[in-house]
Amino acid sequence: MEKRPPLAVAIMGPTASGKTAAALEIARRIPSEIISVDSALVYREMDIGTAKPTTAELAEVPHHLIDIIDPTEAYSAMQFRQDALRLTQDIAARGKLPLLVGGTMLYFKVLRDGLDELPQADPILRAQLDEEAAQVGMPAMHARLATLDPVTAARLKPNDSQRIQRALEITLLTGQPMSSLLSQKPAEPLPFTLLPLALEPSERAVLHERIALRFDLMLQGGALEREVAALRARGDLHLGLPSMRCVGYRQMWEYLDGSIDAATLREKGIAATRQLAKRQLTWLRSMPERISIDCNRPDATAEVLARVQEAVDK
């Protein structure tokens, strides 16, 4: 009899949809370990503003891919896939259930679809693009990308310098839009059976209320005065780094710079988080295989647990 591949569970959803609570409840009932699928939780010294699990939560269930790099460093989707595949197999070998939990949908996509055969960075072309960006500004570079690769440009913000530069570089090196190269890559089979559960709101207004409450609690918890002030005082961080572009951190940094006031900080921080949630939901809608669960329902966590228990019992 052929051995079945191990089960892994993906708990996806926008920010403030209850992913952590659902994962912890599963882990209390079924021996599990959590693999974070969150591009912000990888950074050390960034706890409050990223809504990182508490010390008690981290002690209750083994967590992975949290606090693994310094804010000066970068962590790619390729690194995530390699780490997640290794960790999932290690956790299954220990007889536990791997729970992939988070809202970085690009990481889920790369895990599911594999890595793309894209060209390596070209230092000369990259230097030329840097010089051009310094002269004309990033919105103009984004407009240039829109003429060469409208599909990629549509999903990037005009100030996302790192990704705009990379997309332009790939298009200019290959003569093809990056979006068309990505679509040519066949999906790689995963070495485990993935149960994709998505916590999604039936009413956006409820999620927006949760986002506003979370942002206010984050500020009250010292994200500005303690956390971002300390990061800024280090002297080796700046707004061009991926870590400091995390939602909330850019706005708090601008406040400490004196470029916005407290009311604007709150307004821009909540608006940026809502935009993040909107992008996360757009990504989710591109995953037809997901099992959608209304995160607004009071029994949402119970529904997640029931789905997981059913899959475990098969």
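Colleague: How many residues of each class are in the lining of the second largest pocket?
Modeller: This is a predicted model, where local features need pLDDT of at least 70 and side-chain atom pairs pLDDT 80 or more, while totals for chains, interfaces and linings use all residues. Residues are numbered from 1 along each chain, and side-chain values use heavy atoms, without hydrogens or water. A pocket is an open set of points on a 1 Å grid over the protein atoms alone, with protein on both sides within 12 Å along at least five of seven lines; lining residues have an atom within 4 Å of a point. By class (Gly counts as polar), the lining holds three charged, three polar and 13 nonpolar residues.

Colleague: Which helices and strands each supply at least two residues of that lining?
Modeller: Helices (at least four residues) and strands (at least two) are DSSP runs. The suppliers are strand 4 (97-102), strand 5 (193-200), helix 3 (77-93) and helix 14 (300-313).

Colleague: Why does threonine 15 count as buried?
Modeller: Threonine 15 sits in the loop between strand 1 (7-12) and helix 1 (19-29). Buried means under 20% relative accessible area, exposed over 50%, partly exposed in between (1.4 Å probe). Threonine 15 is buried because its relative accessibility is 13%.

Colleague: Which side chain makes a polar contact with the side chain of threonine 15?
Modeller: Leaving out residues up to four places away in sequence, threonine 15 touches (heavy atoms within 4.5 Å) Leu207, Ile211, Arg214, Thr273, Ala277 and Gln280. A polar contact pairs N or O atoms within 3.5 Å, one able to donate a hydrogen and the other to accept it. At 3.2 Å, the partner is arginine 214.
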